[in-house]
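Me: I'd like to learn how to read a protein model feature by feature. Could you walk me through one?

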Amino acid sequence: MHALEKHIDAHLLPYLLINHSAKKRSFWKALLLWSCVWALLTLGLAGPRWSYREMDTFSQDQSLVVLLDLSESMNATDVKPSRLIRAKQKIEDLLNLSKGVKIGLIAFAADSHMMAPLTDDKETIRHLMSSLDTELVYVQGSRLTPALEMAATMLDAEPGDNKALLVISDGGFEDSSAIITAKNLAARGVVINSMGIGTVEGAQLSHGKMAAKGKGSLIYTKLEAERLKEISHVGNGRYLDGHFSDREVAMVLEDLLKKAETQLKLGKKNQFWDEHFYLMILPVLPIVLWWFRRGSIFAIILLVSVSLELHGDYFKNQDELGKQAFDEGNYESAINSFQDPYRKGVAYYKAENFAEAEKMFSQSTRADVDTQAAYNLGNAQAQQQKYKEAISTYEKVLKTCPEHIKAKENLELLKKLLDQQKQNDSQSDDSDQQDDSKENNSEDKERNKDSKGSKDKNESQENQKENDPENNENQQDSEEKGESQKDENEQSDEQQEMEQAEADQNENQEAKAMKSQEDQDADQWLNRIENDPKTYLKNKFYIESKRNGTKEGIDPW
């Protein structure tokens, strides 16, 4: 050591000599430092809090659920153009005036069906309005109690106390328990309003089920205003008449607004906890600054953190990666990422690998997509021109879901395509038979030519033996006649061949036209896009009624 000091400055020696003990001490120091940094960052992420502040909060929570009657009696025309159309007009007025109010929609008959949850998006409800019709209902009747219970469930999930219902009906309810349900809702602070659609005189049903009630007497329906008034009285709300003006719905919204303003004056005290995560970050900052002086380590950490932020795939599972690839149109990558057979089948179908799509759809075991998997299985089979298998698959779909409109349409189209295919096959068989018969006729003609030629030859040999001038003249005449007849036969054969070629060409053109027509029909069938929500709603009503096991009411209109 002292010998080195003669040649090297003493303050430089520690950096030039290898000191194992110092190296060990630096390792333990680094480990302790990193452990402290890790512990502090973990505590900061945990979000430590140990104090709070009380603050007055104000909110205008306004929630309104509309209960629309879709029973058969809403088709009555005592209110022009009909009760149902008038009811939908009132809902449209409500949507136009309800700024800042969450609106939900329930349609009810014997069953209740949620059309739209409570939402600020009024366009969602407007999109459904044109499809609302009594034909959607699978089980006819008029039971208000299930609709009130469904509305209560929807309102319980919403914050605040400013909640109301609006029942739009002609009052022809079958269940007396609706009054009890209305009392329970009123006790929970829910205001129940009602709007009567119809006239006291009533009208005869002229749409839908126009059946006979009793022995030959026709069905008459009238406004049951007293029932609706009783519901509103019990629910601490208003009874409104369904006139042309929007004044009635404006009154319901005014009541909600007044209650909201009252809540704003009273206010509420909420506790807001103070976050102290920054206290865990402060001791880490000097270490980060030291990293910055070290240069490379800080740059590497910064680069890794930025790359992880840019490539968010590290934080996604296989299904999310597959969904991302599917949305981008990268179906091969989606096939490799998806684990579920149904999703794989959809990706294969989009990639036009219909054979693999058929395998995947047949392997799907998910109960929530059972019907859709079977329907797509039929589509994949149809794309491979397995028409008989596809027809069998569509028939199975219709057994489990008779209201599947697309399956019905595809089944009818496939049957037509199969009939056209059979007609084409029969026409091709007939043309083959005609070709065989024409070939036989040409062979018979050739045989007649050969026999006639041999006969002429024998006659000429006999005439040569006789050495008679007249016979020579006759022989010459017969040879000229034979040659002319031969030319005529050859011309007739050529003409028949040309006619046959033209017939074959016409048949080929017809076959191509038929084929192109089939392809066009198949393309139209496979590219069909369903924009009308009425089919979806009808299937929804059917499935929910089947699941509930609802039976038709005593007076199903």
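**Reading contacts, cores and charge pairs**

Reply: Let's start with one residue and its neighbours. Not counting residues up to four places away in sequence, I168 touches V66, L67, L68, D69, A87, I91, M195 and I197. Keep in mind that this is a predicted model.

Me: Where does I168 lie, and is I168 buried or exposed?

Reply: I168 lies in strand β5, which covers residues 163-169. I168 has a relative accessible area of 1%, so it counts as buried. Take L68 from its contact list: I168 and L68 are 100 residues apart in sequence, yet 5.1 Å apart in space from C-alpha to C-alpha.

Me: How do I read contacts like that for the protein as a whole?

Reply: Look at how far apart in sequence the partners are. Among contacts between residues at least 6 apart in sequence, 73% join residues at least 24 apart. The protein has 557 residues, 34% of them buried, and its elements are 21 helices and twelve strands.

Me: What about nonpolar cores?

Reply: The general idea is that in soluble globular proteins, nonpolar side chains tend to be buried together. Here the largest nonpolar core has 35 residues, and those with the most contacts inside it are L64, L68, L105 and I168. Elements that each supply at least two residues of this core include β2 (63-69), β3 (102-108), β5 and α21 (533-548). Helix α4 gives the most, with five residues.

Me: Which residues is L105 in contact with?

Reply: Leaving aside neighbours within four places in sequence, L105 is in contact with V66, L68, I91, H113, M114, M115, A116, I125, M129 and L132. There is also a second, separate core of 26 residues, which includes I106, L118, I179 and A225.

Me: What does S169, in strand β5, look like?

Reply: S169 has 0% relative accessibility, so it counts as buried. Apart from neighbours within four places in sequence, its contacts are D69, M74, F108, M195, G196, I197, L223 and L228.

Me: How many disulfides are there?

Reply: A disulfide is a covalent bond between the sulfur atoms of two cysteines. A search of the whole structure finds zero of them. As for individual cysteines, C36 is partly exposed at 40% relative accessible area, whereas C401 is buried at 8%.

Me: And how should I read salt bridges?

Reply: Check which atoms meet, then where the partners sit in the chain. The structure holds 17 salt bridges. In one of them, R49 pairs with E275, with the closest N and O atoms 2.6 Å apart. That pair links distant parts of the chain, 226 residues apart: R49 is in the loop between α3 (20-46) and β1 (52-57), and E275 is in the loop between β12 (268-273) and α10 (278-281). R49 is partly exposed at 44%, and E275 is partly exposed at 32%.

Me: What does a salt bridge between two helices look like?

Reply: Try R126 and E92, whose side chains meet at 3.0 Å, N to O. R126 is in helix α5 and E92 in helix α4, 34 residues apart. R126 counts as partly exposed at 23%, and E92 is partly exposed at 27%.

Me: Why are E544 and K540 separated by about one helical turn?

Reply: Because they are four residues apart in helix α21. Their side chains meet in a salt bridge at 2.8 Å, N to O. E544 is buried at 13%, and K540 counts as buried at 17%. Elsewhere, salt bridges that share partners join D78, R83 and D170 into one network.

How values were computed. Residues numbered from 1 in each chain as written. Predicted model: local features only at pLDDT ≥ 70, side-chain atom pairs only at ≥ 80, totals over all residues. Heavy atoms only, no water. Buried < 20%, exposed > 50% of the residue type's maximum accessible area, 1.4 Å probe, protein only. Contact = heavy atoms within 4.5 Å. Core = buried A, V, L, I, M, F, W, Y, C linked by side-chain atoms within 4.5 Å. Disulfide = S-S within 2.5 Å. Salt bridge = Lys/Arg side-chain N within 4 Å of Asp/Glu carboxyl O.
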